[in-house]
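Work through the exercises below with the sequence and the structure open side by side. Each task is followed by a worked solution.

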Amino acid sequence: MDHQKKRVKENFDADWFFHKGDLPVKYAVKAGMTGGITDNGKREDGEWIEIAYTDKETGEIPIPKDWNRVQIPHDWVVEGNVVNDPDLGSRPGSHGYLPTGIGFYRKMFAIQTEDLGKKLSIHFDGVMGVSTVWLNGHLLGTHNSGYIGVHYDISDIIRYGEEGNNVIVVKVDANRYEGWWYEGGGIYRHTWLQKTDRLHVGHWGTYVTTPHVTDESAEVMIRTIVHNEYEGDRLCELKSTLVDNEGKFVASVTDSLTAGWFIQKEVEQFVSIPVPQLWSPDRPYLYKLVTEIAAEGVIMDTYETTFGVRTLAFTRNGFALNGKPTLLKGTCNHQDFAGVGVALPDRIIAYKLQLLKEMGCNAYRSAHHPPTPELLDICDRLGMMVIDENRKLDGSPEGIADLKSLIYRDRNHPSIILWCMENEEILEGKVTGARILRTLATTTRKLDATRPTLAAMNHGWNGEGYSDQVDIVGYNYGQRKLQDVTDHQAYLSRIMLGSESASSTTTRGIYVLDKEKGYCPAYEGVFMPSWSCTVEKAWNDLLAHPFLTGVFLWTGFDYRGEPSPYRWPCVNSHFGIMDTCGFPKDVYFYLKSVWTEEPMVHFLPHWNWHGQENELIDVWIYSNGDSVELSLNGRSLGTMPMIEAGHLEWKVPYEPGVIIARAYKEGVAVAVKQVETTGTPYTIQLQPDRTVLHADSTDVAFITVTIRDEQGHVVPISDNEVSFVVEGEATILGVGNGNPSSHEPDKANRRRAFNGYCLLMIQTHSQAGEIVVRGISVGLLSAELRLRSC
Ligand code: GAL
């Protein structure tokens, strides 16, 4: 057989140009006309057309004015400046006080003549805003959802070879919001150019499930859409091969079929995996399905699908993964991160998930929208269970189409354990809402019945049949009025999930309430919105009521927008366990103490209380030891038994010096935390997450920047501004410091430290080589770092 790989899915992120602001669309589509008005042979003059062609005299592609080269993923909103305008956003401050607007993208590309006759398509994984796409002047379509991708068949309108270059133009109108958090604007997820033979696996055309799993074997059901776009029936062979995570052959099955012309035929096949290796967060074992379609002995298409074998069981008593009772230790998260808005290179997505995993988290709720596809790939590989969420309760044809796309796109990911239909919709508990929810849940079950449906509700649990429409009823903040407990007793067939909890507001490194600056103390519970509870309470609620199955803390990371409990000058939320840079807040260590086994002890606050000598300072301890001893300047302040799933509190008269918390298990010291009163800022330290990077123009290094005293201790109250110089094969991607009231730009070469820390992210070039990073600050010793990309 000819094993030439005919399917090509090329990353299409390079060489885009961006224009901020609206443009007349007359050069794309003329009023009253449809189709390729700019591709009609006349090739009218006009700004859009000019760059479509090579300059006759210089032979170069002119870069038009007001258009800048950008790297996709791209979010232009984060490049703007915050404005204290309550009308920006769906609620005052909800989108982080950043103006959105309209932007245009365009890109030129060549397609070889040999591709003529194939099926070509362009794929956008996510464009935030209403996107309209033209190719060579032909209108391809308009797409509304910023969270569900769109793809267009471009086979007929491509210019092949000598016909000329192709120009694609995307208008993005980000003026309309879909949610109440920062959403960004632009082509913020990957783009792809796909080429296949006319006989190929359909779009999202494989579905792998494991209906029967035992220790001895897993039965695997494979459904494949064979799509024939030739003008005539095709006899073909469909071969499905399973390989293990080392690429070794496991099983295969081949069927012959006739694919009718212009028909998408679904073929069902069964194979079995002997002694299956199960997927779990502890051991995320992955298999791969390799699908081949052959006609007349020639392979026409090869398509790969990653999947896993695991069983899920949700009951009134909780959740079991592979038969093992498992508490879901989850966080809810939006998409953004410091420095980049919502345009996260894959490396940042992986970094965020890794930080959550290190905290002991085993579950991720993609609130309140579908995630980027790469996030799910990483969750599969890393071992993170996912609640995949539909954007909203929407039974319109478009709403249903978006939901279907979500399920088709994602249903092979072993990481996904639940489909969430909606979050806190106004129609919860209402009959109309119940009807819409029924339609969404039934649509979902029809496409994938292997995971339950969920509604993440905050009211109406017992109204008008609403809750009966989903398999699992979500309780957002259900513990507030013990609604979850009473409903568990009253509704004997109801399966429940603590779908959202906490919303505990703390600011990293802040220990004194400061309403003017918009800071919440890191002592949990001191200052929070009325509906919130502490993370500590949320976890204890689950321990007391395991029928809630899990806890999904709002949120893993601070996010832009929704600056509760304040508004301006705050521009981002304080709900995170980590700040917008992924720097841990103190509460992170509470979760480490209850979610991880490795002995640890954590101490708050810092020990720089100059001027407060002899005043009582609240000291809190988080630890997974069974007792903790505190000592100050060599004197023991006593030992206290650790409170199960809680924290210890001391009141310590302040004196500068060294304070030490020592954790014991059965009398043996297992962990120690020392905090000292520091000197004044003296030097900068640059700490990279890795020193060797990939020279692929997408890799990112996370450089933690700290302000240190002469002894090398982080000065916890420092806010020095640091400027960065990056030389060699990388560029600054963005900066941040986790200060929820910072109005400094994230796209910059400088940043103030916030309580001792700020973050610099650099992105590699495609050229390998050395990278030199310098941190400079007036009055401080500079720092230099050398990294390498290869
Ligand atoms: C929830 C909501 C979240 C967020 C949170 C803030 O009710 O689902 O999106 O707004 O409150 O506490």
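The exercises below concern a predicted model.

**Exercise 1. Domains**

Task: State which domains the chain is assigned, and how far apart the centres of domain 2 and domain 5 are.

Solution. The assignment gives domain 1 (8-192), domain 2 (199-308), domain 3 (327-595), domain 4 (609-676) and domain 5 (683-789). Taken over C-alpha atoms, the centres of domain 2 and domain 5 are separated by 46 Å.

**Exercise 2. An annotated segment**

Task: Find the residues that UniProt lists for "domain: DUF4982" and give their helix and strand content.

Solution. The unreviewed UniProt entry lists residues 615-671 under that name. Over residues 615-671 the chain is 68% strand and 0% helix. The C-alpha atoms at the two ends of this segment lie 28 Å apart.

**Exercise 3. Helix H5**

Task: Check the length of helix H5 (residues 431-447) against the expected span, then say which of its residues are buried and what covers them.

Solution. Step one is the span: H5 has 17 residues, and at 1.5 Å a residue these should cover 24 Å. The end C-alpha atoms of H5 are 25 Å apart, which agrees. Step two is burial: the buried residues of H5 are Gly433, Ala434, Ile436, Leu437, Leu440, Ala441, Thr443, Thr444 and Leu447. Step three is the cover, which includes helix H4 (397-410) and the strands S13 (199-213), S26 (416-423) and S27 (453-457).

**Exercise 4. Aromatic pairs**

Task: Classify the ring pairs Tyr511 with Trp609 and Phe527 with Tyr566, and locate each partner.

Solution. The whole structure holds 30 aromatic pairs. For Tyr511 and Trp609, the ring centres are 6.5 Å apart and the planes meet at 80 degrees; planes over 60 degrees apart count as edge-to-face, so this pair is edge-to-face. Tyr511 is in the loop between strand S29 (496-502) and helix H7 (535-544), and Trp609 is in the loop between strand S31 (601-604) and strand S32 (616-623), so the pair ties together parts 98 residues apart in sequence. The cut-off for buried is under 20% relative accessible area, so Tyr511 at 13% is buried, and so is Trp609 at 10%.

For Phe527 and Tyr566, the centres are 5.5 Å apart and the planes at 35 degrees, so the pair is tilted. Phe527 lies in the loop between S29 and H7, and Tyr566 in the loop between strand S30 (550-554) and helix H8 (586-595), so parts 39 residues apart in sequence are tied together. Phe527 and Tyr566 are both buried.

**Exercise 5. Charges over rings**

Task: Over which rings do Lys9 and Lys352 lie?

Solution. Lys9 lies over the face of Trp192, 4.8 Å from the ring centre. The charged end of Lys352 sits over the ring of Phe557, at 5.0 Å from its centre.

Key. Residues are numbered from 1 along each chain as its sequence is written. This is a predicted model: local features need pLDDT of at least 70, side-chain atom pairs count only at pLDDT 80 or more; totals for chains, interfaces and linings use all residues. Side-chain values use heavy atoms; hydrogens and water are left out. UniProt positions are given in the numbering used here, feature names are shortened, and annotations may be inferred rather than shown by experiment. Helices (H or I, at least four residues) and strands (E, at least two) are DSSP runs, numbered from the N terminus. The expected span of a helix is 1.5 Å times one less than its number of residues. Buried means under 20% relative accessible area, exposed over 50%, partly exposed in between (1.4 Å probe, protein chains only). Contact means heavy atoms within 4.5 Å. Domain bounds come from an automatic or database domain assignment. Rings of Phe, Tyr and Trp (its six-membered ring) pair if their centres lie within 6.5 Å; planes under 30 degrees apart count as stacked, over 60 as edge-to-face and the rest as tilted. A charge sits over a ring if NZ of Lys or CZ of Arg is within 6 Å of the ring centre and within 35 degrees of the ring normal.
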